[in-house]
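I opened the model to go through a few points in turn. These are my notes, in the order in which I looked.

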Number of protein chains: 2
Amino acid sequence: MKGVTKLKYKKIPEATIRRLSRYSRCLEEMEEKGEKVVSSALLAKKCVVNAAQVRKDLAYFGEFGIRGVGYYVEDLLNNIKKILGSNKEWRMAVIGVGNLGSALLSYKDFLKQNYKIVAAFDIDPPRVIGRVSEKLGKPAEVLHINRVREVAKERKIDIGLITTPPSEAQGVANLLVEAGVRGILNFAPAQVTVPVGFVVKDVFFSTILDNLAYLLSTETGYFIDKK
Amino acid sequence: MKGVTKLKYKKIPEATIRRLSRYSRCLEEMEEKGEKVVSSALLAKKCVVNAAQVRKDLAYFGEFGIRGVGYYVEDLLNNIKKILGSNKEWRMAVIGVGNLGSALLSYKDFLKQNYKIVAAFDIDPPRVIGRVSEKLGKPAEVLHINRVREVAKERKIDIGLITTPPSEAQGVANLLVEAGVRGILNFAPAQVTVPVGFVVKDVFFSTILDNLAYLLSTETGYFIDKK
DNA sequence: GGATGTGAAGTCGTTCACAGCT
DNA sequence: AGCTGTGAACGACTTCACATCC
């Protein structure tokens, strides 16, 4: 036996999950506007995807619609949130209170309600604590990184945000794994690996910008005929 | 004629471009360590991808290697930077100096050297200017959004970062398009469309977190057998 | 009638395997 | 002998088209 062993669930494309998040956002808007029912065609149009794609994405998880009618907005939204796990509260910690780390801390309210930053760590808390406090307008608590394990348990941390320099990323990831923090959002541009059962998502600004630069550099691209 | 019309260049998978950025990062590390030559197998290992993938990705753009030998690190790095356009300087503007906008402004040095923020706009500069200055430690210049067109020309802005509330995103995108700013990095969780010749990349923290939440929620996933 | 759910077809990206150079 | 470059096989995701059900 080699490669990937399928267990119980069939593999869901990552793109499907990303779109689910997008549907979720559109459905929230519709709900606010008081719209009760939506067809795959309409939802697709709002999300700029194919209607069959919407139906296929949902079909991975069950039958949520009514033939001849469509989907009940509220019902579908709840189901999608349940699928994504975005109906739960997720507790996060920032590790590395440098530029990006303190940006995330100071401005944590640009995160959605159910994602909360509940701790911050650095290798040298005294050095950064003043800087952060100043921005938050009250004494900020930045803990020494060697307390990750203890505090992760105490505060039930689900997700660690790595905002250290790239050279430290793997070490911090190891610490988080040891502490039983299963989810990692890695902002440090370095490849990080974790054992099975743990998850890393990279957010590399440099990659995104390089991507944009590439698209802007290739002047002759494609013409999309309008439908 | 309908659908997508191919012009001159063949389509390059977006994933290829993302990997190119990754190769670039690894090659920079190697260069620093003074390594002269690298094989596709070694580069692949460092980047956690397949060796054939490395060769295929590069083959889209030319022949950069020497059979029986490998690739010259410096040479390959330069070529990749040229392909990506990441050897040029890219000038950026932040539009919307709220939480995220001022975070990007205050902490712009977490961006790579060749990506520079050279302007900031808001619909109400007086309201935000104090807040930003305080963080930067000097009077910050936040311009009124109705000056985008004029200033974009003046300062040769290539890329606009949309950090407004989602409801304003499309309007701001229109403004940028009108001003001839061809690249947009959209942080506001709302679908934005632009004419052919312009490019939008989304960076939605909520989507990334939803994705992580999903992966953490599906406790039984896959076991990857080690090779 | 009308919109969902879904097998089948199509498209796109990845991996294999080896011919071709150095 | 060794490693690149690449056609062909494979696999994965998307779109089509229609049977199915409200």
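Entry 1, DNA strand D. I started from B:E63, where an N or O atom of the side chain is 3.5 Å from a sugar or linking oxygen of DNA strand D. This is a predicted model, so I read every distance here as computed from predicted coordinates. I then looked at B:G68, and there a backbone N or O atom lies 3.1 Å from a sugar or linking oxygen of DNA strand D. For A:R19 I found a side-chain N or O atom 2.8 Å from a phosphate oxygen of DNA strand D. Two or more residues of the surface near DNA strand D come from each of α1 (14-32) and α3 of chain A and α3 (51-59) of chain B. I noted that α3(A) gives the most, with 4 residues.

Which residues come nearest to DNA strand D? Of the 24 residues around the strand, they are A:R19, A:R67, B:S40, B:R55 and B:Y71. Of the atoms of DNA strand D within 4 Å of the protein, 64% belong to sugar and phosphate. I sorted the residues of this surface by class and got 9 nonpolar, 7 polar and 8 charged.

Entry 2, strands of chain B. I went next to β5 (residues 115-122) of chain B, where 7 of the 8 residues are buried. Strand β4 (residues 90-95) of chain B runs parallel to β5(B), and 6 bridges join them. I picked out B:A93, whose bridge partner in β5(B) is B:A119. β5(B) also pairs with β6 (residues 143-144) of chain B, again in the parallel sense, over 2 bridges. In that pairing I found B:F121 opposite B:L143 of β6(B).

Entry 3, salt bridges. How many salt bridges are there over all chains? I count 20. In one of them, A:E178 and A:R149 meet through their side chains at 3.1 Å, N to O. A:E178 is in helix α8 (residues 166-178) of chain A and A:R149 in helix α7 (residues 148-154) of chain A, so this pair ties together parts 29 residues apart in sequence. A:E178 counts as partly exposed at 47% relative accessibility, and A:R149 is partly exposed with a relative accessible area of 47%.

In chain B, I looked up B:E28 and B:K81, which form a salt bridge with the closest N and O atoms 3.2 Å apart. B:E28 is in helix α1 (residues 14-32) of chain B and B:K81 in helix α4 (residues 73-84) of chain B, and 53 residues separate them. Their relative accessible areas are 25% for B:E28 and 23% for B:K81.

I also checked B:E89 and B:K116, a salt bridge with its closest N and O atoms 3.0 Å apart. This pair links the loop between α4 and β4 of chain B, where B:E89 lies, to strand β5 of chain B, which holds B:K116, 27 residues away. I noted one network as well, in which salt bridges with shared partners join A:E14, A:R18 and A:K201.

Entry 4, backbone angles. Most residues other than glycine have a negative phi. I therefore noted A:V48, a residue other than glycine with a positive phi near 55°. A:V48 is in the loop between α2 (40-47) and α3 (51-59) of chain A. B:K156 has a positive phi near 50° and lies in the loop between α7 (148-154) and β7 (159-162) of chain B. Is B:K156 buried or exposed? B:K156 counts as exposed, because its relative accessibility is 60% and the cut-off is over 50%.

Key: Residues numbered from 1 in each chain as written. Chains lettered and ligands numbered in written order. Predicted model: local features only at pLDDT ≥ 70, side-chain atom pairs only at ≥ 80, totals over all residues. Heavy atoms only, no water. Buried < 20%, exposed > 50% of the residue type's maximum accessible area, 1.4 Å probe, protein only. Near = heavy atom within 4 Å. Polar contact = N/O pair within 3.5 Å; in protein donor to acceptor, adjacent residues only side chain to side chain. Nonpolar A, V, L, I, M, F, W, Y, C, P; charged D, E, K, R; others polar. Pairing = 2+ DSSP bridges. Salt bridge = Lys/Arg side-chain N within 4 Å of Asp/Glu carboxyl O.
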